[in-house]
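Work through the exercises below with the sequence and the 3D view open. Try each task before reading its solution.

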Amino acid sequence: MSIRMREKGTTPPASQGYFMPAEWAPHEATWLAWPHNRDTWPGKRLERVRAVFLQMMEALLCREKVHLLIQNERERDHVEKSLRARGAELSRWIPHISRTADAWIRDYGPTFLIHPQGKKAWCKWRFNAWGNKDPQLKKDGGVFEDPALLPPESVFYAPFVLEGGAIEVNGAGTCLVTESCLLSPNRNAHFSKNDLEQNLKNFLGIRHCVWLDGGIAGDDTDGHIDNLARFVDAQTIVAVSEADPADENYSALRANWERLKGASDDRGRVWNLIRLPMPDKIKNGQRRLPASYANFYIANGLVLAPAFDDPQDDRCMGILREIFPKHEVMAIDCRDAVVGLGAIHCLTQQEPSALTLDG
């Protein structure tokens, strides 16, 4: 029987024992959506972003399955040929013909939950294209209504608007979010802060939220957390920090850092905090782009980290290698991807392996 939270009286997933694991927990797969939208990446940028996808898939396929949503059979055949030419492990590649509006699967895709007895489920958030900012992209909210993509009997339908890039969990009871995003009137105007926090507890299996303030310049998501602060273990948070007081991000990122310094987990323990630098200002025409080193992705034995041909690239990679000594940290050139106002984490969605804790 389908678990549909639209139905009156249905028990929330957390009450059934489900929770969202941390991103570094073992993966079964990574989900991607092949880029095709030339409004997002005009001209030759689209081809360069596709080359980035092939680079990411080649690295991921050595370590886990990769589900790829792709527009049609012609593009599927082209991607398969390109992966073969790179010597990628195609036995783990799972293409799906699925019409998407864009590639930002982190935000419209499934958020997976696991259960201590080894069951797996997923949350279907309400997606309204980042607060009704782009009507053409709102149709991606219906992509995972297709029962061919994921088992419909294991889905929890959320009664509120949320994007996957707006939440960050440590798998031990805490979620990081921002007020500027979750409390924006273009998403859930009828919910209070307490309402939203309770919904996150009901759907993610968390006990505690840490609320930061706002996002970085150029971010059209109203401040997704995955450009600001990330858990790297259950008690450690990396957060971006701007060193230049004249930069427009300086005050907001300093305020977020102060909030993290004053925050604790649900047991009152303070966080271990590590600073990540920010790259120099990157613009597309007159528009500042939301380039952030926090937009990395943690896979099985691999961290895909954004790079911007910036003097801070090497410093950031060095910090991540110290944090993840057992992972390969791979720098991915995101100068073209960020023109679409996102980077690696925005373009990926993890599917954890099911856990069995009772034998």
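**Exercise 1: a strand with two partners**

β10 and β11 run antiparallel and are joined by four bridges. The model is a predicted one.

Task: Find which residue of β11 is the bridge partner of Ala229, and find the strand that pairs with β11 in the parallel sense.

Solution.
- Step 1. Start at the turn: a hairpin of two residues leads from β10 to β11.
- Step 2. Look across from Ala229; its bridge partner in β11 is Ala239.
- Step 3. Turn to the parallel pairing, where β11 is joined to strand β12 (residues 272–277) by six bridges. Here Val238 has Ile274 of β12 opposite it.

Task: Are the faces of β11 covered or not?

Solution.
- Step 1. Count the buried residues of β11 (residues 236–241): six of six.
- Step 2. Sort them by side. Thr236, Val238 and Val240 are on one side, Ile237, Ala239 and Ser241 are on the other, and all are buried.
- Step 3. Both faces of β11 are therefore covered.

**Exercise 2: one residue in a loop**

Task: Is Ile225 buried or exposed, and with which residues is it in contact?

Solution.
- Step 1. Locate Ile225 in the loop between β9 and β10 (229–233).
- Step 2. Compare its relative accessible area with the cut-off for buried, which is under 20%. The value for Ile225 is 0%, so Ile225 is buried.
- Step 3. List the contacts, leaving aside neighbours within four places in sequence. Ile225 touches Gly165, Ala166, Ile167, Glu168, Leu176, Val177, Thr178, Leu212 and Arg230.
- Step 4. Set sequence against space: Ile225 and Ala294 are 69 residues apart in the chain, while their C-alpha atoms are 8.9 Å apart.

**Exercise 3: a sheet and its helices**

Task: In the open sheet β7-β8-β9, which strands are at the edges, and which helices lie across the strands?

Solution.
- Step 1. Read the order: three strands, β7-β8-β9, with mixed pairing.
- Step 2. Identify the edges. β7 (168–169) and β9 (208–212) each pair on one side only.
- Step 3. Examine one pairing: two bridges hold β7 and strand β8 (residues 174–178) in the antiparallel sense. Glu168 has Leu176 of β8 opposite it.
- Step 4. Add the helices. α7 lies across β7, β8 and β9 at about 130° to β9, and helix α8 (residues 250–262) lies across β8 and β9 at about 150° to β9.

**Exercise 4: the length and sides of α7**

Task: What span should helix α7 have, and where around its axis do the buried residues lie?

Solution.
- Step 1. Helix α7 (residues 193–204) has twelve residues, and at 1.5 Å a residue these should span 16 Å.
- Step 2. Check this against the model: the end C-alpha atoms are 16 Å apart, which agrees.
- Step 3. Collect the buried residues of α7: Leu196, Glu197, Asn199, Leu200, Phe203 and Leu204.
- Step 4. These residues cover an arc of only 160° around the axis, which puts them on the same side of α7. Recall that an α-helix has 3.6 residues a turn, so residues three or four places apart point the same way.
- Step 5. Look past the end: Gly205 follows α7 and has a positive phi, near 70°.

**Exercise 5: an aromatic pair**

Task: How are the rings of Phe160 and Phe203 arranged?

Solution.
- Step 1. A pair of aromatic rings is described by the distance of the centres and the angle of the planes.
- Step 2. The structure holds 13 aromatic pairs. In the pair Phe160 and Phe203, the centres are 5.6 Å apart and the planes stand at 75°, so the pair is edge-to-face.
- Step 3. Place the partners: Phe160 is in strand β6 (residues 155–161) and Phe203 in helix α7, 43 residues apart, so that distant parts of the chain are linked.
- Step 4. Check burial: both Phe160 and Phe203 are buried.

**Exercise 6: a second open sheet**

Task: Which strands stand at the edges of the sheet β15-β16-β17, and why is one side of each left without a neighbour?

Solution.
- Step 1. The sheet is open, has three strands in the order β15-β16-β17, and its pairing is mixed.
- Step 2. β15 (297–299) and β17 (328–333) are the edge strands; each has a single partner strand, so one side of each has no neighbour in the sheet.
- Step 3. From one strand to the next, the twist averages 25°.

How values were computed. Residues are numbered from 1 along each chain as its sequence is written. This is a predicted model: local features need pLDDT of at least 70, side-chain atom pairs count only at pLDDT 80 or more; totals for chains, interfaces and linings use all residues. Side-chain values use heavy atoms; hydrogens and water are left out. Two strands pair if DSSP finds at least two bridges between them. Axes are lines fitted to C-alpha atoms, for helices over the stretch in contact, and angles run from 0 to 180 degrees between N-to-C directions. The expected span of a helix is 1.5 Å times one less than its number of residues. Buried means under 20% relative accessible area, exposed over 50%, partly exposed in between (1.4 Å probe, protein chains only). The arc is that of the directions from the helix axis to the C-beta atoms. Rings of Phe, Tyr and Trp (its six-membered ring) pair if their centres lie within 6.5 Å; planes under 30 degrees apart count as stacked, over 60 as edge-to-face and the rest as tilted. Contact means heavy atoms within 4.5 Å.
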